[in-house]
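Colleague: Could you take me slowly through one part of this model? I'd like to know what it touches and what is hidden there.

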Amino acid sequence: MTVAEAAEPLGEALRSAVAARTDVAGQNLSADLSGGLDSTPLCLLAYQLRSRPLLITQAGDDRANDDARFASLAAASMPGCKHLVQQPHELPLPFSDALTASAGLDEPDSGFRNRSRTAAIGRQLRSFGSTIHIGGAGGDEVLQPPPTYLHGLIRRTPRRGYRYVQAFRARRPACGRGDMLHFLMNQSSYTEWQQQQIADLTSPMPRHLLGSWGTPFRLPPWLTNDAVEIVRDSLTNSQNDEPFDTERGQHDAAESIINAGRVTRMTGQTLAQEFLSSEFPFLDDHVVNIALSVRPEEKADPWTFKPLIRAAMEREVPSEVLSRSTKADVSSEVYDGMRKSREDLLKICTESHLAEAGLLDIDSLVDTLEAPPNPNHHPTMLNETLATEAWLRANA
């Protein structure tokens with residue numbers, strides 16, 4: 001299916017998904033409004049469905065963060081809606097309350113670093129009377145395919161594939177020509193790729209993050225040999241699993257959407273502790289199915305930002321917002337939060353449950369936490385380790 005063919009069905013699917021959330025008697029609605037092409041359409045659909053959601057935007061510290069500007073443009077097209085813009089100093093920094101932030105979750109939270117911020121937002125929304133909150137999470141994964149689609153594209157249409165590969169590399173300077181050629185020439189089956197990942201578990205994470213069937217499997221260097229063997233055995237026992245699709249890009253896209261669902265479930269559990277129900281319409285089955293039916297090269301047009309949602313919502317979203325091609329970078333806030341919460345994070349490390357079980361080298365983890373950012377240690381590894389420790393601590 002082309003973007004043009006999918007635009008109307010996707011728009012109707014999103015409208016139906018939002019309508020299911022707004023047509024609830026006695027409930028008050030709030031909605032994230034980042035000013036981006038995920039949250040903004042949901043807010044406008046809720047408004048058109050005769051709801052008057054409380055709109056909430058988090059302004060960023062970084063001068064390049066233009067969320068608040070685009071959110072204000074969008075809010076201006078929804079008269080009658082209260083628009084709450086939260087300044088950075090009004091919210092906890094990432095990693096705040098790290099010692100207690102994982103209580104009440106059913107698994108370690110990939111969004112661990114922002115959990116105290118999510119809870120604070122939930123409390124504020126409840127103070128304004130909101131009972132249901134709509135978020136745009138999942139939009140990135142549903143609307144944009146991961147770069148693994150290039151493997152199939154260059155075989156189906158070599159000329160177009162070559163142009164897309166060049167455009168991808170222009171945006172990802174960490175992906176060298178050799179890296180890209182290795183990816184494109186790889187003919188391994190899903191099982192063979194898994195076997196290679198198992199063999200490479202302790203190798204450094206490639207900076208380009210480009211794997212033949214998805215993001216490479218890597219373990220952080222602070223795990224012990226026993227921990228590595230446990231992970232290796234677990235992966236070996238599951239390596240006969242079939243991919244979600246025979247096309248690598250489609251398999252990777254489906255896996256990304258499933259992972260987004262896990263993250264939003266944790267967000268929902270956090271907000272539920274503040275007596276706030278959360279909803280993420282982009283992850284509804286009928287929305288996902290339509291998006292996955294669109295040719296990945298059309299969804300990933302390198303010269304147009306999120307063309308699928310643009311086509312689906314061109315009549316609803318103000319043109320100034322629809323033309324946006326930027327996405328906020330919050331990395332400076334993450335590092336500020338890590339510095340200010342270092343004492344709590346070190347306490348989590350030095351009282352490690354994983355170390356007590358013989359799975360983690362405390363000295364190596366502490367050295368990494370105290371050292372400047374290392375490109376060979378993907379930040380996700382550190383966040384996931386801290387999230388696991390905090391969850392174990394909260395459930396001990």
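The part I have in mind is a single helix, with its neighbours brought in as needed.

Modeller: Happy to. This is a predicted model, where local features need pLDDT of at least 70, side-chain atom pairs count only at pLDDT 80 or more, and totals for chains, interfaces and linings use all residues. Numbering runs from 1 along each chain as its sequence is written, and side-chain values use heavy atoms, leaving out hydrogens and water.

Let's take H4, residues 115-127; helices here are DSSP runs (H or I, at least four residues; strands E, at least two), numbered from the N terminus. With 13 residues at 1.5 Å a residue (times one less than the residue count), H4 should span 18 Å, and its end C-alpha atoms sit 19 Å apart, which agrees. Just past the helix, glycine 129 has a positive phi of about 95°.

Which residues of H4 are buried? They are Arg115, Ser116, Arg117, Ala119, Ala120, Ile121, Gly122 and Leu125, buried being under 20% relative accessible area (1.4 Å probe, protein chains only). Two arginines, Arg115 and Arg117, are on that list. Those buried residues pack against four strands, E1 (29-32), E2 (54-58), E3 (83-86) and E4 (132-134), plus H11 and helix H16 (331-340).

Now the partner H11, residues 248-272. Its axis and that of H4 come within 8 Å and cross at roughly 50°. H4 and H11 are therefore oblique to each other, as angles under 35 degrees count as roughly parallel, over 145 as roughly antiparallel, 65 to 115 as roughly perpendicular and the rest as oblique. The H4-H11 crossing is right-handed (near helix turned clockwise from the far one by less than a right angle).

On the H4 side, the touching residues are Arg115, Thr118, Ala119 and Gly122, and on the H11 side Thr267, Thr270 and Leu271 (heavy atoms within 4.5 Å). Sorted by class, the H4-H11 contact has two nonpolar, four polar and one charged residue. Arg115, Ala119 and Gly122 of H4 appear both among its buried residues and in the contact with H11.

For another helix pair, look at H6 (residues 149-156) and H7 (residues 158-171), whose axes are 6 Å apart at an angle of about 145°. H6 passes H7 in a left-handed crossing, and their contact has nine nonpolar, one polar and three charged residues.

How values were computed
Axes are lines fitted to C-alpha atoms, for helices over the stretch in contact, and angles run from 0 to 180 degrees between N-to-C directions. Ala, Val, Leu, Ile, Met, Phe, Trp, Tyr, Cys and Pro count as nonpolar, Asp, Glu, Lys and Arg as charged, and the others, Gly among them, as polar. Buried means under 20% relative accessible area, exposed over 50%, partly exposed in between (1.4 Å probe, protein chains only).
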